[in-house]
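Visitor: Mind walking me through this one? I'd like to start with what the burial words mean.

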Amino acid sequence: SDASIHPAYNGEEMLLEDAIAQMGAKKIYIMLGMNDISNGNYTRTLDNITTLVSRILEKTPDAVFYFESVTPRMENSETSYLNNDIIATFNSKLAEYCVENEHYFVNVYEGVCDENGNLPAAYCGDPVSEGGKGMGIHFTYAGCAAWVDYLYTHTA
């Protein structure tokens, strides 16, 4: 809608699909946040992805899509409405969506998790403290470096 927040390109706010078309981008990397899937809202999220892809393809028909998985949370930061099981289920559904629609799925989760499937403390910039503060989801520079390294080694 007109009330939505739009990205700026060349100093002008515009719809995402218009910005992509003006840039001439041919490879589109999409990574949705955890808020999109809290409480298991997979269907709505995948419907939104379908709408977004359709709108981008209208303006940039030869675009290639790379969908990045949602990244893990620290084990002690999980809640009933968002935890690594919910994230894993969504990532599986996103991978299926990508196969069905001939998009690339990039499983960043596996590149930034520890041996138990959790976000390692070294990669977490807001770990949960003894006082209960901290979300346990945002990345440190080391975590971002691991993420970027994974993208470099797992995409064309």
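Guide: Sure. Buried means under 20% relative accessible area, and exposed means over 50%, with partly exposed in between. Keep in mind that this is a predicted model.

Visitor: OK, so is Glu 17 buried or exposed?

Guide: Glu 17 is buried, because its relative accessible area is 6%.

Visitor: And which residue forms a salt bridge with Glu 17?

Guide: That's Arg 55, with the closest N and O atoms 2.9 Å apart. Arg 55 lies in helix H2 and Glu 17 in helix H1 (residues 16–23), so the pair ties together parts that are 38 residues apart in sequence. Arg 55 itself is partly exposed, with a relative accessible area of 35%.

Visitor: How many salt bridges are there in the whole structure?

Guide: A search of the whole structure turns up three. Another one joins the side chains of Asp 18 and Lys 59, at 2.6 Å from N to O. Here too the partners sit in H1 and H2: Asp 18 is in helix H1 and Lys 59 in helix H2, so this pair ties together parts 41 residues apart in sequence. Lys 59 is partly exposed, at 45% relative accessibility.

Visitor: What about Asp 62, which residue does its side chain meet?

Guide: Lys 26, in a salt bridge of 3.4 Å, N to O. This pair links distant parts of the chain, 36 residues apart: Asp 62 is in the loop between H2 and E4, and Lys 26 is in the loop between H1 and E3. Asp 62 counts as partly exposed at 46% relative accessibility, and Lys 26 does as well at 41%.

Visitor: Switching to the greasy stuff. How many residues are in the largest nonpolar core?

Guide: It has 24 residues, and those with the most contacts inside it are Ile 28, Ile 49, Phe 65, Phe 67, Phe 90, Leu 94 and Tyr 97.

Visitor: Which elements give two or more residues to it?

Guide: Strand E3 (27–31), helix H2 (42–59), strand E4 (64–68) and H3. The largest share, six residues, comes from H3.

Visitor: Zoom in on Ile 28 for me. What is it in contact with, leaving aside neighbours within four places in sequence?

Guide: Ile 28 is in contact with Ile 20, Ile 56, Ala 63, Val 64, Phe 65 and Tyr 66. Tyr 66 belongs to a second, separate core of 12 residues, which also includes Val 106, Val 112 and Ala 146.

Visitor: Back to H3. Where is Asn 84?

Guide: Asn 84 is in helix H3, which covers residues 84–101. Asn 84 is buried, with a relative accessible area of 7%. Leaving aside neighbours within four places in sequence, Asn 84 is in contact with Pro 72, Arg 73, Glu 78, Tyr 109, Gly 117 and Asn 118.

Visitor: Now backbone angles. What is phi for Glu 102?

Guide: Near 60°, a positive value in a residue other than glycine. Most residues other than glycine have a negative phi. Glu 102 is in the loop between H3 and strand E5 (104–106), and counts as exposed at 74% relative accessibility.

Visitor: And what about phi for Asn 10?

Guide: Asn 10 has a positive phi of about 55°, although it is not a glycine. Asn 10 sits in the loop between strand E1 (8–9) and strand E2 (12–13).

Visitor: Is Asn 10 buried or exposed?

Guide: Exposed, because its relative accessible area is 67%, and the cut-off for exposed is over 50%.

Terms used: Residues numbered from 1 in each chain as written. Predicted model: local features only at pLDDT ≥ 70, side-chain atom pairs only at ≥ 80, totals over all residues. Heavy atoms only, no water. Helix = DSSP H or I, 4+ residues; strand = E, 2+ residues; numbered from the N terminus. Buried < 20%, exposed > 50% of the residue type's maximum accessible area, 1.4 Å probe, protein only. Contact = heavy atoms within 4.5 Å. Core = buried A, V, L, I, M, F, W, Y, C linked by side-chain atoms within 4.5 Å. Salt bridge = Lys/Arg side-chain N within 4 Å of Asp/Glu carboxyl O.
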